[in-house]
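Student: I should like a close look at a single part of this model, the helices at the start of the chain. Please set out their packing and the contacts of their side chains.

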Amino acid sequence: METNKRMHPMMMLVSFIASLKDIFFIFIFLFVINFSSTATWIEIGRILFFVYLIYKVFSVIITWWRTTYSVNESFIEIKQGIFTRKQHQIPFDRIQNVQTNTPFYLRPLNLTALTLETGAEDEDSSFTFTAISKQEAEQIEHVLDYYTKQQGQEPETTETNETETADSNAQPVMKDKRIVHFNPTKKDVLKASALSFSYLLLIPVLASLLSNIDEVYDLSETGEKIFHFLRESWFWLSVLIFMFIIIAIGFGLVRTYLKYGRYEISSDQERIYIRKGVWNEQHFSIRKQNVQAVHIEQSLLKRMLRIAEVKLISAGGVDLSGEEINSLYPFLPINRAHNMIEEILPEFAIKAGMEQLPKKSLVARICQIPLLWITGTAIIVIFFPKWWPVSIILFLLTIASRILDYYFTCYLIHGEILQIRTGGFFITTSITTREKIIEFKLEQNLIQKRFGLADIETTNRSKPIHVNALYNIPIDMVQRTFAWYTGRSPKIEGGSYGEQDLYRR
């Protein structure tokens, strides 16, 4: 058993900066907006603000001193708490995912933040080493891999220096025991910039900046003069619009490059690795055996450009710094996405020849009560009667969505694989296996019973629980799916068990 260690002292600064984010707007209100105010309650607020800062300084110092950890043969032990001492053990066999996040201010010090995720639902489901050396983080990961090897799983992997590939569509490149599946090219970054609409974020950024300045200095008179000047000069108005477009495009390109410029997807026999970020580096690894399902998502625009986003539904999946990290590159060419899934997770490979729904499924969809349209129309009639044409547009969109949902929805059982595609304007193809489904649910309303249809829901273990639904499918499909899920032959002979037996199960 290793002796107890403390995290790097930089943990105190990181924790203090994080606490400042929570009181940033209070600081703006007390010391910027009310800079010249001498009101008593403002003065008291400023005193309490400084008292809180002093408290936080001592708090982060004591927290750093009182937080220790040790890495043992089969678990990591953490001791923390200022007044109440808390001891927390994380067994290696419960650790599902490993993440590292290296903000720009930790990189010069060769430090990183390491998160261990167990997949539990309680407050102790994960633990983050706020600031430790990269060598220490790598050592912990290697200890985890060695433990996995000792338990009879896949061999230990060795991480080596990473190099980028020149072409995202090239064949996978070996890095010792790790295979690189994807590195974005310049073309991919440009495409990501256009499709992520990052350039539009410049508008709220400028609006927020001007609003904050206006709180301190009155810009109304200056803004009115500029407005009158531009209204009388089309030339300068055109120049201003052109400059704004150039700046917005540049802003979008820089933001997209910082997020996706060094993106990399790789894997070995046991894990999938995702690296992202230029300014703030993030690394994520997930055990292949923890992947419960794979989603291929396409918006209407992405379908037109034949690109897609692949998401891994994982047991113990978490967000890193508020961003969803279980997503593979969000702008993959659709063919490359399919090939990558087959390379990384062969058991989730996409199959062709999916089964379409019968026409009675469309009739049942059309007959269902359009609650969204009714609610929207009621709001328009009561509060915005002059906007009545919006109700017609909403009704047409509702019908179009149901028709498209019927047209694109299809279904396939192939061996151990259940493959479902649903959606209208936004399509999702879900692939899972029988052993990954923990619950099968059947529902049927009066209209569906009239048409011999039903809904099914499958549940996969994730955080939160992941539910995938298929609506208005024929009873014979339900029977086949139920027989497949319970391990029976997908081919059900007439009379082997009837509809009533199915519902009782």
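Tutor: What follows describes the contacts around helix H3, with the terms explained as they arise. This is a predicted model, in which local features need pLDDT of at least 70 and side-chain atom pairs count only at pLDDT 80 or more, while totals for chains, interfaces and linings use all residues. Residues are numbered from 1 along each chain as its sequence is written, and side-chain values use heavy atoms, with hydrogens and water left out.

Helix H1 spans residues 10-22 and helix H3 residues 40-66; helices are DSSP runs of H or I with at least four residues, numbered from the N terminus. The axes of H1 and H3 come within 9 Å and cross at roughly 145°. Such axes are lines fitted to C-alpha atoms over the stretch in contact, and the angle, from 0 to 180 degrees, is taken between N-to-C directions. The crossing of H1 and H3 is right-handed, a term for a near helix turned clockwise from the far one by less than a right angle.

On the H1 side, the contact is made by Met11, Met12, Ser15, Phe16, Ser19 and Leu20. H3 contributes Tyr52, Leu53, Lys56, Val57, Val60, Ile61, Thr63 and Trp64. Contact here means heavy atoms within 4.5 Å. The residues of this contact divide into ten nonpolar, three polar and one charged; Ala, Val, Leu, Ile, Met, Phe, Trp, Tyr, Cys and Pro count as nonpolar, Asp, Glu, Lys and Arg as charged, and the others, Gly among them, as polar.

Helix H3 also holds phenylalanine 50, which is linked to phenylalanine 31 in helix H2 (residues 24-33), 19 residues apart. Their rings form an edge-to-face aromatic pair, 5.6 Å centre to centre with 70° between the planes. Rings of Phe, Tyr and Trp (its six-membered ring) pair if their centres lie within 6.5 Å, and planes over 60 degrees apart count as edge-to-face. Ring pairs join Phe27, Phe31, Phe49 and Phe50 into a cluster. Phenylalanine 50 counts as partly exposed because its relative accessibility is 46%; buried means under 20% relative accessible area, exposed over 50%, and partly exposed in between (1.4 Å probe, protein chains only).

Arginine 46 is likewise placed in helix H3. With a relative accessible area of 13%, arginine 46 is therefore buried. Not counting residues up to four places away in sequence, arginine 46 touches Leu30, Phe31, Asn34, Phe35 and Ser37.

Methods: Helix = DSSP H or I, 4+ residues; strand = E, 2+ residues; numbered from the N terminus. Phe/Tyr/Trp six-rings, centres within 6.5 Å; stacked < 30°, edge-to-face > 60°.
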